[in-house]
Amino acid sequence: MRRALLVSLVTAVLVVGLLRYKTSSAPQSLRIAVGASPPAASASPTPGPDTEAPPPTTVAPPAPTAAAPPATAAHTVSGPVETNQFGPVQVVLTLQGSKITDVQTPELPTDRARSAYISSVAGPLLRREALAAQSAQIDTISGATYTSYSFAQSLQAALTKAGV
């Protein structure tokens, strides 16, 4: 019975992960790098005796750009420990300016074997959600609902503390 429950949980986590996998919807022909030159136009007719050559085109030099602002140093901000019925959850953010560059969870529920297993699966998924969202507006992980809510609360408190 426990094995079937474990297999069901792992399968559910994998299905959720696959459903959340995002691929680019733009066809390859539409993806153009910023600053890339436009595609070459079709060949124009060669001037003959009855046609006049088009005037030469001049290309203006690119406009000067402002110097990039100096990079701000990375700093960490700890969220409060949010306790739910399964255990404590705490988030520690690493920020570069207002961008979240890393999310660590020094506290996740681990007092029971099941809680430890769920935390080992949900922790990396919640981290990925926070990095992708760059906010506390993250999706809840099925099977780790209370942990997800506590994670989001600690994350929001850390962002507020950092002034982001």
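This passage describes the strands, the last helix and one aromatic pair of a predicted protein model.

The secondary structure of the protein chain amounts to 3 helices and 4 strands, and these elements follow one another from the N terminus in the order α-β-β-β-β-α-α. Of the 164 residues in the chain, 24% count as buried. The accessible surface of the chain is about 11,800 Å², and carbon and sulfur atoms account for 61% of this surface. When contacts between residues at least 6 apart in sequence are considered, 46% of them join residues at least 24 apart.

Strand E3, which covers residues 87-96, pairs with strands E1, E2 and E4. With strand E1 (residues 74-78), E3 pairs in the antiparallel sense over 5 bridges, and threonine 76 stands opposite threonine 94 of E3. Strand E2 (82-84) precedes E3 with a loop between the two; E2 and E3 run antiparallel and are joined by 3 bridges, and asparagine 84 has glycine 87 in E3 as its bridge partner. The connection from E2 to E3 is a hairpin through 2 residues. On leaving E3, the chain enters a hairpin with E4, again with 2 residues between the strands, and glycine 97 in this turn has a positive phi of about 70°. Strand E4 (residues 99-107) is antiparallel to E3 and is joined to E3 by 6 bridges, with valine 92 facing glutamine 104 in E4 as its bridge partner. Because 8 of the 10 residues of E3 are buried, the strand is largely enclosed by the rest of the structure.

Within E3 lies proline 88, which is partly exposed, with a relative accessible area of 28%. Leaving aside neighbours within four places in sequence, proline 88 is in contact with Val81, Glu82, Thr83, Glu107, Leu108 and Pro109. For one of these residues, leucine 108, the C-alpha atom is 5.7 Å from that of proline 88, although the two residues are 20 apart in sequence.

Helix H3 comprises residues 145-162. At 1.5 Å a residue, the 18 residues of H3 should span 26 Å, and the computed distance of 26 Å between the end C-alpha atoms agrees with this expectation. The buried residues of the helix are Thr147, Ser148, Ser150, Phe151, Ala152, Ser154, Leu155, Ala158 and Leu159. In an α-helix there are 3.6 residues a turn, so residues three or four places apart point the same way. The buried residues of H3 pack against E1, E2, E3 and E4, as well as against helix H2 (113-133). After H3 comes glycine 163, whose phi is positive, near 80°.

The model contains 1 aromatic pair. The pair is formed by phenylalanine 86 and tyrosine 146, whose ring centres are 5.6 Å apart; the ring planes meet at 55°, so the pair is classed as tilted, given that only planes under 30 degrees apart count as stacked and only those over 60 as edge-to-face. This pair links distant parts of the chain, since phenylalanine 86 belongs to the loop between E2 and E3 whereas tyrosine 146 belongs to H3, 60 residues apart. Phenylalanine 86 is partly exposed, with a relative accessible area of 31%, and tyrosine 146 is likewise partly exposed, with a relative accessible area of 42%.

Note on methods. Residues are numbered from 1 along each chain as its sequence is written. This is a predicted model: local features need pLDDT of at least 70, side-chain atom pairs count only at pLDDT 80 or more; totals for chains, interfaces and linings use all residues. Side-chain values use heavy atoms; hydrogens and water are left out. Rings of Phe, Tyr and Trp (its six-membered ring) pair if their centres lie within 6.5 Å; planes under 30 degrees apart count as stacked, over 60 as edge-to-face and the rest as tilted. Buried means under 20% relative accessible area, exposed over 50%, partly exposed in between (1.4 Å probe, protein chains only). Contact means heavy atoms within 4.5 Å. Two strands pair if DSSP finds at least two bridges between them. The expected span of a helix is 1.5 Å times one less than its number of residues. Accessible areas come from the Shrake-Rupley method with a 1.4 Å probe; for residues, only the protein chains shown count as cover.
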